[in-house]
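User: Please take a close look at the main pocket of this model. I would like its volume, its lining and the parts of the chain that supply that lining, followed by whatever else helps to place it in the overall fold.

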Amino acid sequence: KPIDAEGAMSLQITKEERENRELLLTIQVDQGRVDQELRKAARKVASNYRIPGFRKGKAPYHVIVQQVGLPALYNEFLEDLGQQVYLDALKQEELEPYARGSLEDVSLEPLTYKLVMPMDPKIDLGNYRELRVEEPEVTVNEDDVEAQLAQYREQHASWEEVDRASQYGDRINIDVHSVIPPAEEGGEETVVFNETDWEVTPDEENPMEPAGFDEALLGLTPGSEKEFDLSWPEDSQSVHAGKTAHFKVKVNGIEGYVQPELNDEFAQLIGPDYETIDDLKNSIRDSLREQAKAQADNEYLEQVLDKMLAQSTLNYPPVVIEDQIDSMLNDIQMQLRRFGIQDMDFYYRQTGQSEEQMRAGLREDAVKQAERNLIISEVLRVEGLTVSDEALEERITTMTQGDDTETSDQLAEFLRSDSGRSILESQILRDKAIERIMAIARGQADAL
């Protein structure tokens with residue numbers, strides 16, 4: 001039988017291309033190789049089991065076959081031999097599959113393995129260089145600027161004594177004495193309130209009882225006094241239902257929740273980089289514009305990729321989608337760990353679904369994400385984009401800037417290692433491919 005340079009027997013291989021970039025390999029193993037494996041298996045069986053009429057390990061091959069049967073001997077080596085046959089087949093046919101192949105079937109006499117190999121996706125981008133997508137204009141809503149200013153004012157607001165009439169929302173310090181007169185002459189009055197230095201805040205939406213008490217505290221000034229009567233309705237849940245009380249109130253002080261004025265002093269309070277209120281407003285506008293631009297760019301990229309997908313032809317093995325679902329599940333698991341949930345089975349029980357159901361629920365998004373990734377990878381390939389050592393070092397410098405020198409040094413060391421460099425290079429290449437895609441859609445690719 002033919003032997004290759006490293007001593008492995010050649011295989012009889014038939015290749016059949018299937019849909020979705022899968023290749024079926026029908027591999028017939030040389031009978032001489034099978035016989036060797038059968039005899040090795042027989043020796044192993046003979047050493048482990050006593051064959052009647054023979055000393056342990058001394059029974060001849062044909063007797064062992066009679067005793068245990070050929071299928072039992074095949075089972076001793078089918079899996080291990082299959083692994084080796086898989087590697088030998090890749091080498092013999094010079095195949096580089098997209099992912100590890102899977103066993104579809106195995107038959108005996110002759111020993112034949114059927115392996116399904118996922119091959120690299122084939123992507124035809126069509127006339128992608130002519131693709132044009134109108135980019136939306138990024139604007140800043142002045143209402144958003146005012147909302148940010150209002151948030152800053154709220155953050156720096158405080159309770160301050162005010163010399164004006166009280167109003168809803170103020171914090172009022174009062175002495176209050178309230179009694180219900182006796183029902184009969186000579187009876188005892190009922191004390192409702194007898195408080196000093198009592199802080200109350202009149203609230204129009206959630207008033208105190210009895211009704212009208214909050215309103216009665218409005219329009220008062222520090223040092224003023226006021227007397228008034230208030231009643232509880234007959235159907236009130238209060239013990240004073242249906243009764244009227246006389247109130248005497250003295251205002252000791254009023255504090256208002258005061259927000260700073262929008263002036264230059266306020267701007268300097270927000271940060272040392274702002275000399276005037278216009279500086280602060282412009283900074284807010286720039287920040288909002290950057291946020292809007294980032295969101296618009298993401299939405300624009302998705303729109304461009306969707307249009308590229310519509311004009312492209314994609315042919316890829318099913319494992320591409322399964323890998324994407326695996327990645328999405330891994331992201332979910334990492335998020336759960338941040339909340340202290342380590343066991344995905346626990347999560348499945350809590351949500352009342354199985355892993356299979358969850359994978360099915362993720363499939364639609366996985367297809368969309370995987371196909372977009374294939375488009376990006378193909379643009380990267382056909383455009384011949386590369387990463388220079390200078391670009392790698394620049395990215396490392398950016399990523400390791402920080403106050404913790406030890407942590408930064410450790411990260412830099414990892415990023416310069418082979419595995420770290422590979423990860424970083426992939427990230428930069430993806431960024432460059434996305435940049436090129438967006439430039440093409442904008443009609444600016446020739447400038448790059």
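Analyst: The model is predicted, and its largest pocket has a volume of about 380 Å³. Twelve names make up the lining, given here by class. The nonpolar class has five residues: Tyr98, Pro121, Val320, Ala370 and Leu374. The polar class has four, namely Gln324, Ser327, Asn373 and Ser377. The three charged residues are Asp120, Asp323 and Arg430.

Which elements give two or more residues to this lining? They are helix H8, residues 319–338, and helix H10, residues 355–382. By residue number, Val320, Asp323, Gln324 and Ser327 fall in H8, while Ala370, Asn373, Leu374 and Ser377 fall in H10.

Arg430 of the lining has a number inside the range of helix H13, residues 418–442, so the packing of H13 is worth describing too. Two packed helices are described by the angle between their axes and the distance between the axes. For H13 and helix H11, residues 389–399, the axes come within 11 Å and cross at roughly 100°. Angles of 65 to 115 degrees count as roughly perpendicular, and H11 and H13 are therefore roughly perpendicular to each other. On the H11 side the contact is made by Asp389, Ala391, Leu392, Arg395, Ile396 and Met399; H13 contributes Arg421, Leu424, Glu425, Ile428 and Asp431. These residues divide into six nonpolar and five charged, with no polar ones. The pocket lining, in contrast, includes four polar residues.

As for the whole, the protein has 13 helices and 11 strands. Its C-alpha atoms fill a box of roughly 125 × 70 × 45 Å along the principal axes. The radius of gyration is 40 Å, whereas a compact globule of 448 residues would have a value near 22 Å.

Some backbone details in the loops complete the account. The peptide bond from Glu109 to Pro110 is cis, with omega near -5°, and Pro110 sits in the loop between strand E3 (102–107) and strand E4 (112–118). Another cis peptide bond joins Glu209 and Pro210, with omega about 0°; Pro210 belongs to the loop between strand E8 (190–200) and helix H5 (213–216). Asn20, in the loop between strand E1 (12–18) and strand E2 (22–28), has a positive phi of about 60° although it is not a glycine.

Note on methods: Residues numbered from 1 in each chain as written. Predicted model: local features only at pLDDT ≥ 70, side-chain atom pairs only at ≥ 80, totals over all residues. Heavy atoms only, no water. Axes fitted to C-alpha atoms, helices over the stretch in contact; angles between N-to-C directions. Helix = DSSP H or I, 4+ residues; strand = E, 2+ residues; numbered from the N terminus. Parallel < 35°, antiparallel > 145°, perpendicular 65-115°, else oblique. Contact = heavy atoms within 4.5 Å. 1 Å grid on protein atoms, 1.4 Å probe; cavity = no way out; pocket = protein on both sides within 12 Å on 5 of 7 lines; lining within 4 Å. Points joined across faces, edges and corners; volume = space filled by probe spheres on them. Rg over C-alpha atoms; globule rule 2.2 N^0.38 Å.
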